[in-house]
Amino acid sequence: AEESDMEEKLKGLRDEVHDAKSELDRLKEEETMLMNNKNRQKDEIRMIDDKIRDHEKKYNEIMLNIRNLKQQQSNKIMAFGGNKVINLLRTIERCHQRFKMPPIGPIGAHLKLLNGNKWAVAVEHAIGRMLNSFIVTDHKDFRLLKQCANEVNYGHLQIIIYDFSTPRLMIPQHMLPNTNHPSVLSVLQCENHTVMNVLVDLGSVERQVLVNDYNTGKVVAFEERIQNLKEVFTVDGCKMFSRGPVQTTLPPNKSQRYGRLSSSVEGAIEKFSNDASNEQKAANDYKWNKRDAELKLEDLDKKMNSIKRLCLNAGKSFNSKKLALEEATNQQAAERNLTPLSSVDEIVEEISEINKKIKAEEVLLEGLEQRRHEAVGKANDLEEKFDELCESANTELASLEKAESELMEIEREIDSAKKAKDHYDNVMKTKVLHDIKEAEEHHLELTKRREVNVEKASVICCQNELATIGGCDGRTPEQISGQLENLNRTLKRALEFRMRKFQTNATNLKHQLSWKFNGHLKKKGISGVIKVDYEEMTLSIEVQMPQDASNRAVRDTRGLSGGERSFSTLCFALALHEMTESPFRAMDEFDVFMDAVSRKISMDTLIDFAEAQGSQWILITPHDTSLVKAGNRVKKMQMAAPRS
C-alpha cells in the first residue's frame with residue numbers, strides 16, 4: 001500500500017513537473033516571439049527615422065535651391081557666388097585703375113543657353129565650378145584680384161590667367177566628336193571670345209557630348225568608340241566616360257536639381273515649391289508612422305516585462321517541483337533497496353542538508369536570473385550602440401559621396417591644369433624663350449651703349465658730383481633732358497631777374513649820387529649833375545655856375561677855376577661818402593685853390609657832415625683853421641712850421 005501510494009505520488013509529481021515544463025516552454029517561446037517583434041519594431045522605427053531624415057534633407061536642399069533661384073531672379077549674377085561675388089565686383093570697380101585689364105567674371109554671367117532650358121542641368125554638371133570663376137590677363141592682376149577677394153572674405157575663388165588678346169579659337173571639324181548629338185559648346189552662347197576660349201582650353205566643352213537618356217549615353221560613351229570624345233552627360237546630369245579599358249559612370253549630384261544658366265526661373269521655383277511641399281508632407285506622414293510604431297514598441301516592452309516575470313515564476317515553480325520529484329524518487333529507491341536508517345535524527349539531518357542545498361540552488365538561481373537581466377540590459381545597450389553605429393555609417397556614406405564629388409572636381413581641375421601647363425609650355429617654347437633671348441641681346445646692347453654714354457657724360461659731370469645733386473637713377477634720358485631744360489630755364493629766369501634788379505639798383509644809385517652831389521653844390525649856389533654810363537664805363541660831371549648868364553653847363557671841370565673845381569670835387573666826394581659806410585675817413589688838401597669864402601663853406605660842410613654821420617674824420621689842410629667852428633667832437637691840431 002505504501003509503495004502504491006508512493007507511485008501515485010510520484011505520478012502526480014511527474015504530471016506537475018511536466019505541466020510546469022510545458023508552461024515554462026510556452027512562456028519562453030512567447031518571450032522569444034515578443035523579442036523578435038520588438039527587434040522588428042525597432043528596425044521599423046530606425047527605417048522610418050532614415051526616411052524622415054532623407055525627406056527633411058531633400059526639403060532643405062530644395063528650399064536652398066528656391067532661395068538661390070529667388071536671388072537669381074532679382075540679380076542673375078547672384079547665382080554665381082551670392083552676396084560675396086556682388087561685394088567682389090564692387091571692390092573690383094573701386095580698384096579698376098590698378099588692373100592692367102579689367103577682370104572678366106563670373107564666367108556664368110557671360111553665358112546663355114540656346115534652345116531653351118533642356119540642357120541646363122547637364123551643362124551645370126559639365127562646367128561645374130568654372131561658372132563662378134574669374135579671368136585675368138597676368139600674374140599681377142591675379143595677385144590683385146586675390147587681394148580683393150580676401151577683403152570681402154571670398155575664399156577659394158578660382159582665378160584663371162589667360163591672354164585677353166588671343167582671338168576666338170576656331171576648332172577644325174576633325175577635332176570635334178564625330179556624332180550627331182550636341183556638345184556643350186554647341187548649346188552655349190557668349191559674346192566674349194575670351195570666355196569661350198577659356199571654356200575650350202580649360203574646360204574642353206567642345207569634347208563634352210549631351211544625350212537624352214542613360215541608355216543612349218552608354219552607347220555613345222562605351223560602344224561607339226567616338227574619337228575626340230571626353231565625357232558624356234545625360235539630361236539629368238549623369239556623367240559617363242572611359243579612360244582606357246576602364247568605364248566609369250557617375251550618378252548626378254542630388255543636390256544640384258537645376259541649372260543656373262536656366263532662363264525660366266519662375267517655372268523652376270514653382271516646380272521646387274511643389275517638390276518641397278511633397279517632401280515635407282512625406283516627412284510628416286513618416287513622423288506619424290513613427291509615433292504609431294513607438295506606441296507599439298512601448299506595448300511590446302510592457303508585454304515583455306510581464307512575460308519575463310511569468311517566466312521567472314514559472315522557472316522557480318518548475319525547479320521546485322523537479323526537486324520534489326527527485327527527492328521522492330530517491331526516497332522510493334532508498335526504500336526499495338532497504339537502506340537502513342540509523343535513526344530519525346540522521347533522516348532529519350539529511351533533510352536539513354537537502355533543504356540547505358535547495359536554498360543554495362535558489363540563491364544560485366536568483367544570481368543567474370540577475371545575471372540574465374544584466375545580460376538583457378547589455379544587449380539593449382549594444383542594440384542602441386549598433387543603431388548609433390548605423391547612423392554614423394550613414395553619415396560617413398554621405399561624407400564619402402561628398403568626397404567622391406570633390407575627387408571628381410579635383411580630377412577635372414587636374415585635367416584643366418595639365419592643359420594649361422601644356423599650353424604655357426608651348427607658349428614658352430614658341431614665344432617666351434625667343435623673346436627672352438632677344439631681350440637679353442637687347443640688354444647687352446643697351447649695357448654697352450650705357451657704358452659709352454657714361455664715359456661721354458663723365459667729361460661734363462663726374463658721377464661723384466652727380467650723386468651730390470641727387471643722382472639720376474630710375475630716370476630716362478628724356479626725363480633728364482627735360483629736367484636739364486627746366487634747370488636752364490630756372491637759372492635763366494634767375495639771371496634775368498638779378499640783371500633787372502641790378503640795373504634798377506644801378507639807376508637808383510646813379511640818381512641818388514647826382515641828387516646828393518647837387519644838394520652839396522647848392523650850399524654855394526651852384527647846381528650840377530653827375531652822369532654815369534655803365535656800358536661805356538664812364539662818369540662825367542656837369543656844373544652850372546650862378547654867375548653864368550648863358551645858363552650853359554660846364555661839362556669839363558678844367559673849365560672851372562681852381563677853387564670851383566676843388567669845391568665841386570669836395571661835393572662829389574661827400575656824395576660818395578654819404579652813400580658808403582666806413583668807421584673813419586681822411587681828406588688831404590681838400591681846400592687848395594679855394595678863396596676864403598669857399599674854404600669856410602667847405603669846412604663847415606665837412607664838419608656838419610661828419611657830425612651827422614657819426615664817423616671819425618681826419619682833415620689835413622695847409623691853411624689856417626681858426627675859422628673852423630668849435631664843437632664837442634672837433635679837435636684841432638697844428639703842426640710846427642717846417643724848418644727853412
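Two strands count as paired if DSSP finds at least two bridges between them. With that in mind, the tour can start; the model on screen is a predicted one.

**Stop 1: a hairpin at residues 239–250**

Select strand 7 (residues 239–243) together with strand 8 (residues 246–250). The two run antiparallel and are joined by 5 bridges. Which residue of strand 8 stands opposite F241? Show side chains to find out: the partner of F241 is T248. Now go to the turn. The hairpin has 2 residues between its strands, and G244 takes a positive phi near 70°.

**Stop 2: a second hairpin**

Next, select strand 9 (residues 527–533) and strand 10 (residues 538–544). Their pairing is antiparallel, over 7 bridges. Pick D533 and look across to strand 10, where T538 stands opposite. Between strand 9 and strand 10 there are 4 residues, and in this turn M537 has a positive phi of about 60°.

**Stop 3: the two domains**

Colour the chain by its domain assignment. Domain 1 is made of residues 112–138 plus 150–263, and domain 2 covers 524–620. How many Å separate the centres of domain 1 and domain 2? Taken over C-alpha atoms, the separation is 111 Å.

**Stop 4: N117**

Select N117, in the loop that links strand 1 (112–113) to helix 3 (120–127). Is N117 buried or partly exposed? Its relative accessible area is 26%, so N117 is partly exposed; buried would mean under 20%. For a distance check, pick the C-alpha atoms of N117 and R40. These two residues are 77 apart along the chain, and their C-alpha atoms are separated by 47 Å.

**Stop 5: the coiled-coil annotation**

An unreviewed UniProt entry lists residues 3–72, 283–310 and 344–427 as "coiled-coil region". Select 283–310, one of these ranges. In the model this stretch is 100% helix and 0% strand, with its end C-alpha atoms 40 Å apart.

**Stop 6: a patch around I410**

Finally, select helix 8 (residues 344–460), where I410 has its place. The 344–427 range of the UniProt entry is also listed as "coiled-coil region". Turn on the surface and add L407 and I414 to the selection: with I410 they make a nonpolar patch of about 260 Å². Why does I410 count as partly exposed? Its relative accessibility is 44%, and the partly exposed class lies between the 20% limit for buried and the 50% limit for exposed.

How values were computed
Residues are numbered from 1 along each chain as its sequence is written. This is a predicted model: local features need pLDDT of at least 70, side-chain atom pairs count only at pLDDT 80 or more; totals for chains, interfaces and linings use all residues. Side-chain values use heavy atoms; hydrogens and water are left out. Patches are made of residues with over 30% relative accessible area and no salt bridge: like charges are joined within 9 Å, nonpolar side chains (Val, Leu, Ile, Met, Phe, Trp, Tyr) within 5 Å. Accessible areas come from the Shrake-Rupley method with a 1.4 Å probe; for residues, only the protein chains shown count as cover. A salt bridge is a side-chain nitrogen of Lys or Arg within 4 Å of a carboxyl oxygen of Asp or Glu. Buried means under 20% relative accessible area, exposed over 50%, partly exposed in between (1.4 Å probe, protein chains only). UniProt positions are given in the numbering used here, feature names are shortened, and annotations may be inferred rather than shown by experiment. Domain bounds come from an automatic or database domain assignment.
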